[in-house]
Amino acid sequence: MAIRYAIWDTEDDPRGNVQHVAEHGLTPEDAEDVLFGIHELDTSRSSGNPIALGFTSGGEYICVVFEWVDDETVYPVTAYPLEE
């Protein structure tokens, strides 16, 4: 399955996914670099949600935790940098 779309909450939603990503110094664009690009898929050991691992356009290696909405659409829950 190829991820083609991501659903983002509004930037001013304090409990939304944009804020969760920003808490880790990342942007929705950083997360989409990984979600829409070539990446490795795995499963989070803590939440059981799927995760995508890959590089942002700026070269940072990150993890994006998400939920499937349909075959092409995901709801990113959060994203955070990983140590290589």
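Buried means under 20% relative accessible area and exposed means over 50%, with partly exposed in between. Keep that scale at hand for the exercises below, and bear in mind that this is a predicted model.

**Exercise 1. The aromatic pairs**

Task: Find how many aromatic pairs there are, and work out whether Tyr61 counts as buried, partly exposed or exposed.

Solution:
- Step 1. Start with the count, which comes to 2 aromatic pairs.
- Step 2. Phe55 and Tyr61 make a tilted pair, with 4.9 Å from centre to centre and 45 degrees between the planes. An angle under 30 degrees would be stacked and one over 60 edge-to-face, so the rest are called tilted.
- Step 3. Now use the scale. Tyr61 has a relative accessibility of 22%, so this residue counts as partly exposed. Phe55 is also partly exposed because its relative accessibility is 43%.
- Step 4. The pair of Phe66 and Trp68 is edge-to-face, with centres 5.5 Å apart and planes at 85 degrees. Here Phe66 is buried because its relative accessibility is 0%, whereas Trp68 is partly exposed at 33%.
- Step 5. To place Tyr61 in the fold, look at strand S4. Its C-alpha atom is 11 Å from that of Leu26, and the two residues are 35 apart in sequence.

**Exercise 2. The core**

Task: Say which residues of the largest nonpolar core touch the most other members, and follow two of the core residues through their contacts.

Solution:
- Step 1. The largest nonpolar core has 13 residues, and those touching the most other members are Leu35, Val64, Phe66, Val74 and Ala79.
- Step 2. Three elements each supply at least two residues of this core: helix H2 (28–36), strand S4 (61–68) and strand S5 (73–81).
- Step 3. A general point helps here: in soluble globular proteins, nonpolar side chains tend to be buried together.
- Step 4. Take Val64 and set aside neighbours within four places in sequence. Val64 then contacts Ala31, Val34, Leu35, Pro50, Ile51, Ala52, Pro76, Thr78 and Ala79.
- Step 5. Turn to Ala79, in strand S5. With a relative accessible area of 0%, Ala79 is buried. Beyond residues up to four places away in sequence, Ala79 touches His20, Val21, His24, Leu26, Ala31, Cys63 and Val64.

**Exercise 3. The surface patch**

Task: Identify which residues form a nonpolar patch on the surface, and find where Leu41 sits.

Solution:
- Step 1. The patch is formed by Met1, Leu41 and Trp68, which together have about 340 Å² of accessible area.
- Step 2. Leu41 belongs to strand S2 (residues 40–43). A patch residue needs over 30% relative accessible area. Leu41 has 43%, so this residue is partly exposed.
- Step 3. Trp68 is partly exposed too, at 33%. This is the residue that also pairs with Phe66 in Exercise 1.
- Step 4. Compare Leu41 with the core. The C-alpha atoms of Leu41 and Ala79 are 14 Å apart, with their positions 38 residues apart along the chain.

**Exercise 4. The salt bridge**

Task: Find which residues form the salt bridge, and say which parts of the chain the pair links.

Solution:
- Step 1. The structure has 1 salt bridge, and it joins Glu72 to Arg4, with the closest N and O atoms 3.0 Å apart.
- Step 2. Glu72 is in the loop between S4 and S5, while Arg4 is in the segment before strand S1 (5–6); the pair links distant parts of the chain, 68 residues apart.
- Step 3. Apply the scale once more. Glu72 is partly exposed at 32%, whereas Arg4 is exposed at 51%.

**Exercise 5. Ile7 and Thr73**

Task: Decide whether Ile7 and Thr73 are buried or partly exposed, and trace what each one touches.

Solution:
- Step 1. Ile7 lies in the loop between S1 and helix H1 (17–22). Its relative accessibility is 37%, so Ile7 is partly exposed.
- Step 2. Leaving out residues up to four places away in sequence, Ile7 touches Asn17, Val69, Thr73, Val74, Tyr75 and Pro76. The C-alpha atoms of Ile7 and Val74 are 6.4 Å apart, although the residues are 67 apart along the chain.
- Step 3. Thr73 is part of strand S5. At 10% relative accessible area, Thr73 is buried.
- Step 4. By the same way of counting, the contacts of Thr73 are Tyr5, Ile7, Glu67 and Trp68.

Methods: Residues numbered from 1 in each chain as written. Predicted model: local features only at pLDDT ≥ 70, side-chain atom pairs only at ≥ 80, totals over all residues. Heavy atoms only, no water. Patch = residues over 30% accessible without salt bridge, like charges linked within 9 Å, V, L, I, M, F, W, Y side chains within 5 Å. Areas by Shrake-Rupley, 256 points an atom, 1.4 Å probe, with all protein chains shown as cover. Salt bridge = Lys/Arg side-chain N within 4 Å of Asp/Glu carboxyl O. Helix = DSSP H or I, 4+ residues; strand = E, 2+ residues; numbered from the N terminus. Buried < 20%, exposed > 50% of the residue type's maximum accessible area, 1.4 Å probe, protein only. Core = buried A, V, L, I, M, F, W, Y, C linked by side-chain atoms within 4.5 Å. Contact = heavy atoms within 4.5 Å. Phe/Tyr/Trp six-rings, centres within 6.5 Å; stacked < 30°, edge-to-face > 60°.
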